[in-house]
Amino acid sequence: MPQTDIIAKLHTFPMFSDLREDDLAALAAMVTLKQYPKGSFVISQNDHGSVMYLLVSGRVKVSLASPEGRELALNYLEAPSHFGEMSLVDAEPRSADVIAVSDCEVLALDARDLSAAIQVQPKLALTLIATLSRRVRGLIGRLEDMAFHDASHRVMRVILNVATASYEARGVPVVEGLTHYEVATLAGTSRETASRVISQLAKDGIVATKGRRVIVDLFALRDRIEGD
């Protein structure tokens, strides 16, 4: 792929959007474009890895699998986002599977080039730290919900978190591209429960559903959760 196309893909990431063209060109020389078809593993749990990924198109699922084949979905990520940075920081095996749930394109950055990339864009280091902190906080919140709240509360929390992230990234508080089953797996409950909760929220005017798009009144949903 021409370097100009890779530069254009890097420019879609907020942490790189203010870089000069020569700095973007330097970063473009450090990354490798890879494509993954729907259903393929980008990262496998327990593998040793020294690469982080910048998701430039498509959507991936971060999940854990038990020896019996049961799956726990941890998160769904859409472009532009990044993943796989933990193994660059601590040199430990991969902590989860990352599976393409649509055809995906990623830019792979090797650990050997991370220091050079940070010299080009110091914001990268801060972004990685912020991401790790946010994911730890998210895990703590999820454990709290599992321990102290029922399934309905957990479904509402998932919807609030996804819609809030959408609002911060795109200015629209929407849950888009997630099926009721996927919402349920994130909440640790059944698809029927997730559908029932979303239907009730729609009846109460807290969300509006249009196909697989759920537009959320963030303030009303936050009030409902706090009063739950």
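Strands, as the word is used in these legends, are DSSP runs of E that hold at least two residues and are numbered from the N terminus, and on this footing P80 is found in the loop between β5 and β6.

**View 1. Overview of the protein chain in the predicted model.** The secondary structure of the protein chain comes to nine helices and 11 strands. Its radius of gyration is 19 Å, close to the 17 Å that the globule rule gives for 228 residues, so the chain is as compact as a globular protein of that length. The C-alpha trace spans about 55 × 40 × 30 Å along its principal axes, and buried residues make up 41% of the 228 residues. Of the contacts with a separation of 6 or more, 70% are accounted for by residues 24 or more positions apart. The chain exposes about 12,200 Å², of which carbon and sulfur atoms supply 54%, and it has 25 positive and 29 negative side chains, with the centres of the two sets 5 Å apart.

**View 2. The cis peptide bond between A79 and P80.** Like P80, A79 is found in the loop between β5, which covers residues 71-78, and β6, which covers residues 81-83. The peptide bond that joins A79 and P80 is cis, with an omega of about -5°, whereas most peptide bonds are trans. A79 has a relative accessible area of 31% and is therefore partly exposed, a class that lies between the limits of 20% for buried and 50% for exposed. Not counting residues up to four places away in sequence, A79 touches L55, V56, S57 and G58. The C-alpha atoms of A79 and R196, which are 117 residues apart along the chain, are separated by 29 Å.

**View 3. The loop between β2 and β3, with N46 and H48.** N46 is found in this loop, which runs between β2 (41-43) and β3 (51-57), and has a positive phi of about 75° although it is not a glycine. Most residues other than glycine have a negative phi. N46 counts as exposed because its relative accessibility is 53%, and exposed means over 50%. H48 has its place in the loop between β2 and β3 and is likewise exposed, with a relative accessible area of 68%. The C-alpha atoms of H48 and S87 are 7.8 Å apart in space, although these residues are 39 apart in sequence.

**View 4. E105 in strand β8 and its polar contact with K9.** E105 is found in strand β8, which covers residues 104-110, and is buried, with a relative accessible area of 14%. The side chains of E105 and K9 are joined by a polar contact of 2.9 Å. When neighbours within four places in sequence are left aside, the residues in contact with E105 are K9, L33, K34, Q35, L54, L55, V56 and S57.

**View 5. R59 in strand β4 and its polar contact with E182.** R59 is found in strand β4, which covers residues 59-65. With a relative accessible area of 10%, R59 counts as buried, because buried means under 20%. A polar contact of 3.0 Å joins its side chain to that of E182. Residues up to four places away in sequence not being counted, R59 touches Y76, L77, E78, I99, A100, V101, S102, C104, G177, L178 and E182.

Conventions. Residues numbered from 1 in each chain as written. Predicted model: local features only at pLDDT ≥ 70, side-chain atom pairs only at ≥ 80, totals over all residues. Heavy atoms only, no water. Helix = DSSP H or I, 4+ residues; strand = E, 2+ residues; numbered from the N terminus. Rg over C-alpha atoms; globule rule 2.2 N^0.38 Å. Buried < 20%, exposed > 50% of the residue type's maximum accessible area, 1.4 Å probe, protein only. Contact = heavy atoms within 4.5 Å. Areas by Shrake-Rupley, 256 points an atom, 1.4 Å probe, with all protein chains shown as cover. Lys, Arg positive; Asp, Glu negative; His and termini not counted. Charge placed at Lys NZ, Arg CZ, Asp CG, Glu CD. Polar contact = N/O pair within 3.5 Å; in protein donor to acceptor, adjacent residues only side chain to side chain.
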